[in-house]
Each structure stands twice: as structure tokens, then as C-alpha cells.
Amino acid sequence: MKSILKIPMNPIANLNEELKKMTPLSIALGHENDVFVLLMKERIPLIDGCFPATVTEKSYRYQVIHLKDGQKKVIDLPKETWNYHYIQPIDEGQFLLVCARSYYHDAQNIEENARVYDENGRFIRSFCLGDGIGHVYVTKNQEIWTGYFDEGVFGNYGWKVPIGRSGLVGWDASGTKLDSLEEDREYSIFECLALNGVADGGIWFFFSIDSKIGVRKEGRTSYYSPEDIYFRTFAINGETIVAHRGSGERILFELQREGNEYKIVRKIELTKPNGKPIEPQLVNNRENKLLFLDGDELYMYEVKSSV
């Protein structure tokens, strides 16, 4: 039985005032040790109780909170008709909002579900990243990577030939496709469960069925086998990975690389100042950091290399 290391943490920010009237949708670590939080006043109802809408007739209010250097900036987006699910930093001080779904009506009418805004909430540009997006990650050199869940791989919402059919796609900051796993025949990705990147170390991803960690760099992919674990967020430092399984989970798993495998060496439980464990509703990762939102408090955990 693996030991559990308890690590006391202090929140990096409190969103008590902002969350009194708004609901958190997505959190993201920026490129400069900053944090983005996407909030919404009213949840958009599902179509027939099952499927997320893309564009709505009714306008909805969003807010973006940008935390940097001890300062908090609230950006109001009062009349949006897109159903956003993810936020990421992009360009210089701007942010990217992405809807997980996109309808392919016909070749002349494809919904552009990625939209860039500046630091004052002014719309800049839009483009399509495909349907069925499960994860979005923007690297420091402004590459956008998207990982897809099953509907994005096999097709829905009108997509007979889905953009996300390989499970992972890379784009430039304007939405021009740069890379994918379409020529990589070693494994089939039915669902990309987690996505991260390492400076000069490529894009890292974890996918279901075969349960492999992939590292995509310069058009080639290396694969590693984690020890009997699935996860949806993870941080990387050298040969060390710390993984988190999903919303509400208390325990982190620290894995060390041994050849082509990652072995679990211990479990980690992060605790709040009151001694209770952090039970995050939202989690995000960037390189060697994990970001957690528990209630109205944000926590950040940095993975140390074992070397």
C-alpha cells in the first residue's frame, strides 16, 4: 500500500465576492505565473436535456478574472451568445474562449467555436477547432493543442469527417492546423483524457482504452505506460509526474519514470489551512504546476523533480 504524504497549502487567491453571483466554468494557469478564471451568471440548458448548445438566441453574461502579480482584474462579457467551456491565455495579455462543440452545417457554414478577446473584453478573432473538444492547451510559443472526446473522434454535430478524428490536433494562434496524429498508426485515441506541455519538451497527453501517455515533439510521438491509473490533469518535472483523477478527488498520485513505464511511488493529499483536504471542483495544469479551485479558494501545487 502506497504511503500518503500530506502537504499543507495556502490559497493563492479568494474569489468569494466574484462567486456570490457567478458560477465557475474553467480555470487556467497563464504563461507568467498568472491565473485566468471563466465565470458565468446563468448556465445554458442542454438541448433535449442531453446535448450542449453551441450558439444561443438568448444572450448570457460571462466574466473573466485575471490574477497577476497580486492584482485582480475582472473583465465583463455581458452579452455573449456562445456557450463557452474553456479558457486559455493567448497572445500578449489576451485570452482564448472555446466552446467544446461546433456544428458542421455545410462547407460554407462551419461554426467557429474558438474566440480571442483582449484584456478589455474586446473581440479580436475567431476560428474553428472542431467538435467534441475535451481539452485545450496553449503553449508559450502560441501553439494551440486540442484533445478530443469520442464524439469529436468519431463524428457528431454534422461532422462526417471530424477534425479531431486522430484524437489530438495542433494549431497556430490563428487556427491554422499544424499537426495531428493522423499519420501515427501505433495507437488509436478514442478519447484524450489529459493534456499538458513542457517547454522544449513537446506536448504531453494521456488517452483511454490503451491507457498510454504520449509525448508529441517535432512530428514524432513517444509512448509510455502508467501503472494502473487514469487521470484528467497532470504536472511534469523531469522524470516525475503528479496526476489528478478528476473533480472532487482528494488524492494526487506521484509517478516516476522507469524506462518506458511510469510507476506510482506515493500518494499526496493537499490540505487547507484548517487541516481539511483540498477537494477541487475545477483543476488545470501547466508544465510542472497544478491549479485547483476548492469552493471560492484557488490553490497551486508545484511538482519538484526527484533528481
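**Exercise 1. Find F154 in this predicted model and work out whether F154 is buried or exposed.**

Start with the address: F154 sits in helix α1, residues 150–154. Next, look up the relative accessible area, which is 53%. The bar for "exposed" is over 50%, so F154 counts as exposed. Finally, check the company on the surface: together with F190 and I209, F154 makes a nonpolar patch of about 330 Å².

**Exercise 2. Take H135: which strand holds H135, and what does the side chain of H135 reach?**

Step one, the strand: H135 belongs to β13. Step two, the exposure: the relative accessibility is 18%, and buried means under 20%, so H135 counts as buried. Step three, the side chain: it gets to the backbone oxygen of L193 at 2.5 Å. Step four, the wider surroundings: setting aside neighbours within four places in sequence, the contacts of H135 include Y86, W145, C192, L193 and R232.

**Exercise 3. Which residues touch the most other members of the largest nonpolar core?**

This core has 20 residues, and the ones to pick out are L96, L129 and I144. Now trace where the members come from: β8, β11, β13, β14 and β15 each give two or more residues. Of the elements, β13 supplies the largest share, 3 residues. Then zoom in on I144: beyond four places in sequence, its contacts include L96, L129, V136, V138, V169 and W171. Don't mix this core up with another one that lies apart from it, with 19 residues, among them A28, F36, I44 and L77.

**Exercise 4. How many salt bridges does the structure hold, and which parts of the chain does the E269 and K6 pair link?**

The total first: 18 salt bridges. In the E269–K6 pair, the N to O distance is 3.6 Å. E269 is in strand β24 and K6 in strand β1, 263 residues apart. The two ends sit in contrasting settings: E269 is buried at 10% relative accessible area, while K6 is exposed at 58%.

**Exercise 5. Where do E32 and K68 lie?**

Begin with the bridge itself: their side chains meet at 2.5 Å, N to O. E32 is in the loop between β3 and β4 and K68 is in strand β5, so the pair ties together parts that are 36 residues apart in sequence. As for exposure, E32 is partly exposed at 44%, and K68 is partly exposed at 31%.

Key:
Residues are numbered from 1 along each chain as its sequence is written. This is a predicted model: local features need pLDDT of at least 70, side-chain atom pairs count only at pLDDT 80 or more; totals for chains, interfaces and linings use all residues. Side-chain values use heavy atoms; hydrogens and water are left out. A nonpolar core is a set of buried Ala, Val, Leu, Ile, Met, Phe, Trp, Tyr and Cys residues joined through side-chain atoms within 4.5 Å. Buried means under 20% relative accessible area, exposed over 50%, partly exposed in between (1.4 Å probe, protein chains only). Helices (H or I, at least four residues) and strands (E, at least two) are DSSP runs, numbered from the N terminus. Contact means heavy atoms within 4.5 Å. Patches are made of residues with over 30% relative accessible area and no salt bridge: like charges are joined within 9 Å, nonpolar side chains (Val, Leu, Ile, Met, Phe, Trp, Tyr) within 5 Å. Accessible areas come from the Shrake-Rupley method with a 1.4 Å probe; for residues, only the protein chains shown count as cover. A salt bridge is a side-chain nitrogen of Lys or Arg within 4 Å of a carboxyl oxygen of Asp or Glu. A polar contact is a pair of N or O atoms within 3.5 Å; within protein, one must be able to donate a hydrogen and the other to accept it, and residues adjacent in sequence count only if both atoms are side-chain atoms.
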